[in-house]
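User: Hi! I'd like to walk through the packing in this model with you, one question at a time. Could you keep the reasoning short and finish each reply on the answer itself?

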Amino acid sequence: MAIKRQCCSWCGMVSLVPLEAQSLHCPACRRFTMLQRNHNYGNANFTYATNQGYAGNVRPYTAIVYQSPPPPPSHVHGRKRALLCGITYKGHRQTLNGSINDVVCMKKLLVERFHFPASSILVLTEEEEDYYRIPTKRNIRNALRWLVQGCQSGDSLVFHYSGHGSQVRDRDGDERDGYDESLLPVDYDTEGRILDDEINATIVRPLPRGAMLHAIIDTCFSGTFLDLTNVCRLSRDAYYKWEDQRIPNSAFKGTSGGFAISITACDDHQNSGDTTAFTGTATGALTYSFVQTLQQGKRLTYGNLLTALHHRIGAGREAAGLTTNDSHALQEPQLSSSHKFDIHSKNFTL
């Protein structure tokens, strides 16, 4: 694989990265450098970094040589597969503290409670040493494709995301509120967001008959993060109704016969965040509540799970001193699905 030398714009250490790399994750200071155009110096390919500030001669360095890592595995590991993505945005203005903790907790739950093979769980965080496991836009896209590659009847897939989310103006007329939801990769400042339209097309539409996908999305504006066609509206008395999200003449948002369910931190117009209210350690309110509920409950219906998430998150926000009069206090976890079903009779399982 073609590689190039790249200086970290923060500490100056030079590393070797793939030629197509759009960012450098420095092994020394663990910060990110967004890459610009290439310059050739003799036989060496050297890329200046943003705010590098070098003029004339390149300062001496000791090259750190890495074996070029392979892309995410293309073969199927088994009947259970999971993609866990946690982004803290280290060095950004709005850094998150709990995202990597969320991924650690979720992986432990999948392995110990639901018997997912560790080899079938792909983790993307900024702390990964493997370049292809850093949650850049390109790597997240590749990982989403990996999740559903070769999927067949009987497979159980999980996508967990803990990081920033945002809304952008809907340009293709398939959103009832006029906004697309989006995922923010670590390099979103330069490479842009991943819209819910793309997430749906990548991991929902290809889902074959007999396969099951669960998405646990711990971010703001996440109610319809996967663009699933049905949203469950739950009352305080545990009564529910399904709200149809389809819009006439818009793109198909269903599966290829499979079943997709999304559990999200809040509604499309609400905020979520990480908190220390539960344990003193920063975690996402949804991820912590989800993991704790499933670890403590033996047999739960989707209705039981959704009700428990409401109660736990509400209690946590009260402990953090947020009142119902606070504009940021309202965080209502949501359930959406590719198919309507009775949430009080269908048991939750992964």
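User: Which residues line the largest cavity?

Analyst: Happy to help, and please keep in mind that this is a predicted model. The count comes to one cavity of 30 Å³ or more, and the largest cavity has a volume of about 40 Å³. Its lining is made up of Ile263, Tyr302, Leu305, Leu306, Leu309 and Leu335.

User: Which element gives the largest share of the lining of the largest cavity?

Analyst: Among the lining residues are Tyr302, Leu305, Leu306 and Leu309, and helix α6 covers residues 302-319. By class, the lining divides into six nonpolar, no polar and no charged residues. The largest share of the lining, four residues, comes from α6.

User: How are α5 and α6 set to each other, and what is the handedness of their crossing?

Analyst: Helix α5 (residues 285-296) and helix α6 (residues 302-319) have axes that come within 9 Å and cross at roughly 125°. Angles from 65 to 115 degrees count as roughly perpendicular and those over 145 as roughly antiparallel, so α5 and α6 are oblique to each other. As for the handedness, α5 passes α6 in a crossing that is right-handed.

User: Which residues make that contact between α5 and α6, and how do they divide by class?

Analyst: On the α5 side, the contact is made by Ala285, Leu286, Ser289, Phe290, Gln292, Thr293, Leu294 and Gln296. On the α6 side, Leu305, Ala308, Leu309, Arg312 and Ile313 take part. By class, the contact of α5 with α6 has eight nonpolar, four polar and one charged residues.

User: How do α1 and α5 lie relative to each other?

Analyst: Helix α1 (residues 99-112) packs with α5 at an angle of about 20°, their axes being 10 Å apart. The crossing of α1 past α5 is left-handed. Angles under 35 degrees fall in one class, therefore α1 and α5 are roughly parallel.

User: Which residues of α5 take part in the contact with α1?

Analyst: From α1, the contact involves Asp102, Cys105, Met106 and Leu109. By class, the contact of α1 with α5 has six nonpolar, two polar and one charged residues. The α5 residues that take part are Thr287, Phe290, Val291, Leu294 and Gln295.

User: What about α2 and α4: how are those two helices oriented to each other?

Analyst: The axes of α2 (residues 137-148) and α4 (residues 196-204) come within 8 Å and cross at roughly 30°. With a cut-off of under 35 degrees, that makes the pair roughly parallel.

User: How many charged residues does the contact of α2 with α4 have?

Analyst: In α2, Arg141, Leu144, Arg145, Leu147 and Val148 meet Glu198, Thr202 and Ile203 in α4. The contact has four nonpolar residues and one polar residue. The charged residues number three.

User: Last one, on the backbone: where are phenylalanine 221 and aspartate 227 found?

Analyst: Phenylalanine 221 has a phi near 55°, a positive value in a residue other than glycine. Aspartate 227 also has a positive phi, about 55°, although it is not a glycine. Phenylalanine 221 is found in the loop between β12 (212-218) and β13 (230-234), and aspartate 227 is likewise in the loop between β12 and β13.

Conventions
Residues are numbered from 1 along each chain as its sequence is written. This is a predicted model: local features need pLDDT of at least 70, side-chain atom pairs count only at pLDDT 80 or more; totals for chains, interfaces and linings use all residues. Side-chain values use heavy atoms; hydrogens and water are left out. Axes are lines fitted to C-alpha atoms, for helices over the stretch in contact, and angles run from 0 to 180 degrees between N-to-C directions. A crossing is left-handed if the near helix is turned anticlockwise from the far one by less than a right angle, and right-handed if clockwise. Contact means heavy atoms within 4.5 Å. Ala, Val, Leu, Ile, Met, Phe, Trp, Tyr, Cys and Pro count as nonpolar, Asp, Glu, Lys and Arg as charged, and the others, Gly among them, as polar. On a 1 Å grid over the protein atoms alone, a cavity is a set of points where a 1.4 Å probe fits but cannot get out, and a pocket is an open set with protein on both sides within 12 Å along at least five of seven lines; lining residues have an atom within 4 Å of a point. Grid points are joined across faces, edges and corners, and a volume is the space filled by probe spheres set on the points.
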